[in-house]
Amino acid sequence: MNALAVGLVKAGRYLKAVMGDDAYEIYLAHHAATHPDTPPMPERMFWRERDDEQDHNPQGRCC
Amino acid sequence: MSKKQNGSHRHADVLVTDPDLPAVAVDPQQAEAEDRRWTPAKIALWVGVALLGGIAWTILAIVRGETVNAIWFVFAAVCTYLIAYRFYSKFIERVITRPDDRRATPAEYKANGKDYVPTDRRVLFGHHFAAIAGAGPLVGPVLAAQMGYLPGTLWIIVGVILAGAVQDYLVLFFSTRRGGRSLGQMARDQLGRVGGTAAILATLVIMVIIVAILALVVVNALGESPWGVFSVSMTIPIALFMGVYLRYFRPGKITEVSLIGFVLLMAAIVGGGAVAATDWGAAAFTLDRTTIAWGIIIYGFIAAILPVWLLLAPRDYLSTFMKIGTIFMLAAAIIVVRPEITVPAFSEFAGRDDAPVVPGSLFPFLFVTIACGALSGFHALIASGTTPKLLEKERQARFIGYGGMLMESFVAIMALVAAISIDRGLYFAMNISAANTLGTVDGAVAYVNSLGLTGVNLTPELLQETARNVGEESIVSRTGGAPTLAVGLAHIMQSFIGGTGMMSFWYHFAIMFEALFILTAVDAGTRVARFMLQDTLGNILPKFRDASWTVGAWICTAIMVAAWGAILIMGVTDPLGGINTLFPLFGIANQLLAAIALAVCLAIVADRGYFRYLWVVALPLAFATVVTVTASMYKIFSPVPAVGYWAQNAAFRQALAQGEESFGTAPTRAAMEAVVRNTVVQGTLSILFVTLTIIVIGIAVFRTIRAFQNGGGVNTEDPIVPSRIFAAAELSTTKAEKRIQKQWDALPVERRRVKARHE
């Protein structure tokens, strides 16, 4: 039972990573590593900026 | 930066990694030793895989009993993939790509926490797969099933290991070595201005045709189907809701909103059945194909100019979510249900050129009918540009590129199995155009039975009963492949979950996910094409380069939508049936793009000086070139009207000149004039494609020969940056990798990901 729960949690985490839920965490980690002296973007602003960036760099989707 | 290099020159000599960090790569000798150590267990495993694969192929190709169980398709495919991945892709890695994990990838040295991010290989596999796989592998194999199951199965499996996966892997790797540059930019660097421009132009035209024909598949699936129209239209409000939810309510909760969207989607499918059963629902949502086509065109324009967060991104999330789910579901269903297949290995049409679903002889038309799943040039656009920016280590390119394409091929095999699990008479009744079946049950029965196919005795009852079971008015002439796959899937799924009562749900579920994949590709394709056009026009009028200039964006969007919209309308109103005349163009376009991508790879491999192993690229390139050029030549020069666009054009023009009132399947003079117009467009596109491609391939071959004479060429790789991170290369972690990973895990957190270099 325990193994099943662990498996489900792992699958959930994997799904979230594939869908891109962890983009802000990734950004925070990157920011902390490269510009530790400046405050990172707040979460809402990050997602908004990410949306707007996608406007100009559309990702192809194949057939 | 470019410098002369010869074959023996290795970057390895000049690469110095940080001595204060643990190793950033497994020692190549150690990795090789581990690879070459054949323990008895390992030998037994591979002998087992080879035996099982061999038995499966024997049953499919040689024994060929009255019926064959679907599970053998799964075994034949999976065992062959495993062997190809373990041995052939590793061979390519050893002799051509020669990855060096001590080199940083663009994801590392350009890391910006946004689009350049070193991403866990398993997550990236999911990303990459979601980006490359769509409706293509679900459609082509269905149409090719007219020739029997064996030609399609062989091409999908052999094609992917020698061509499709090789292309994806090489493009991904070479783009990674070039800062994640796009295929177009690589073509310009490698082939010069003329070759580069031809490649970009070809890409643009090919994208237009691909979007148009994908849209045609959706239109054909939704025509006269109130249930389908209702549930697929509901994806628009659902996506809008998801967009607003993510933007204003809970930013970043992508999985959460996708789950909500998925539940709403299921409700839309169930609700669609209820709505279509009411009088007003049937009246409001029964639309003819031309209306639906216009709907998609208008929708495509609006979707491309709206901000992405509102419609495009949420729909993409939903599509990705469905993609992962449905593929597992399809695999599980086929493995659990294991349907018996009664379709012959080679059908009557395998040796003829008048097959009714898509006309033309097996060679070359089988190889263009099935593009996605075996060899898909479109992938080169994802494998360059998008995925390289996320690739953590060079050695992972094999798992992502080659492995990802094997996965898509497996999807194609499953689609083929689903399509051939239905009655053969039913298959032809659904896939032969209304021009021949007259769109009626009686017409379809008469036409299909007149084909003289062994074992086929189609009854009106079967057609009516199947239509009733899947909740449609009629299933006659539902061309395009999607409805056939949906019937096949419903057929398999109902014996897995729900019984006959659930068939209509499964049918519309399948239509829904195919429509979702395609509309996502249409949205994204239009947008990408718009930016390409803006960029191209920017060479002449610099103002077009300015992405914030709304008028320019609208003009370019309108041009792209008009281009694919015109072809879509042409296909929908085509008196000859539409999909059967246009689908070959789709496959040809896709594989010409593959030929362009492989040509660029050929030039790169030649410039690196690896001539002994040039055949790894030259073989699929030669095959793709021969297939597509031959197919194009048939389409341009064949005197058989069903095959050659210009022959068709001449036949109809002559009939018009002689004052005929109807000709072939065109009942009126207006329809005959439409055929004349359509064939001119199709024929001209064929000529344009093949000319551009021959230019690109010709230049690539010329450059390759020149490189051979000089013993190598210009190195177009980006300068070497030493890597400061470590990650395993494959799905599973080897012993050596675990040892290194332990050392990294022992480091204080702030030293594991050291500062990335900033420009």
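Biologist: What makes the approach of the B:T153 side chain to the backbone oxygen of B:Y149 a polar contact?

Modeller: The side chain of B:T153 reaches that oxygen at 2.6 Å. A polar contact is a pair of N or O atoms within 3.5 Å, where within protein one must be able to donate a hydrogen and the other to accept it, and residues adjacent in sequence count only if both atoms are side-chain atoms. The 2.6 Å is therefore inside the 3.5 Å limit. This is a predicted model, in which local features need pLDDT of at least 70 and side-chain atom pairs count only at pLDDT 80 or more, while totals for chains, interfaces and linings use all residues. Side-chain values use heavy atoms, without hydrogens and water, residues are numbered from 1 along each chain as its sequence is written, and chains are lettered from A and ligands numbered from 1 in the order in which they are written.

Biologist: Why is B:T153 called buried?

Modeller: Its relative accessibility is 0%. Buried means under 20% relative accessible area, exposed over 50%, and partly exposed in between (1.4 Å probe, protein chains only), so B:T153 at 0% counts as buried. The residue lies in helix α7 (residues 149-176) of chain B.

Biologist: Which residues does B:T153 touch, leaving aside those up to four places away in sequence?

Modeller: B:W57, B:L60, B:F73, B:I413 and B:L416. Contact here means heavy atoms within 4.5 Å.

Biologist: And B:V749, buried or exposed?

Modeller: Exposed, because its relative accessibility is 61%, against the cut-off of over 50%. B:V749 is in helix α30 (residues 749-752) of chain B. Helices are DSSP runs of H or I with at least four residues, and strands are runs of E with at least two, numbered from the N terminus.

Biologist: How do you know that the reach of helix α13 of chain B is close to the expected one?

Modeller: The expected span is 1.5 Å times one less than the number of residues. With 17 residues (289-305), 24 Å is expected, and the helix reaches 25 Å from its first C-alpha to its last.

Biologist: What caps the N-terminal end of α13(B)?

Modeller: B:D288, with a side-chain oxygen 3.0 Å from the backbone nitrogen of B:T290. That value also falls within the 3.5 Å limit for a polar contact.

Biologist: Against which helices do the buried residues of α13(B) pack?

Modeller: They pack against α8 (183-222), α9 (226-233), α10 (235-249), α14 (312-337), α23 (503-538) and α24 (550-573) of chain B. Among the buried residues are B:I292, B:I296 and B:Y299.
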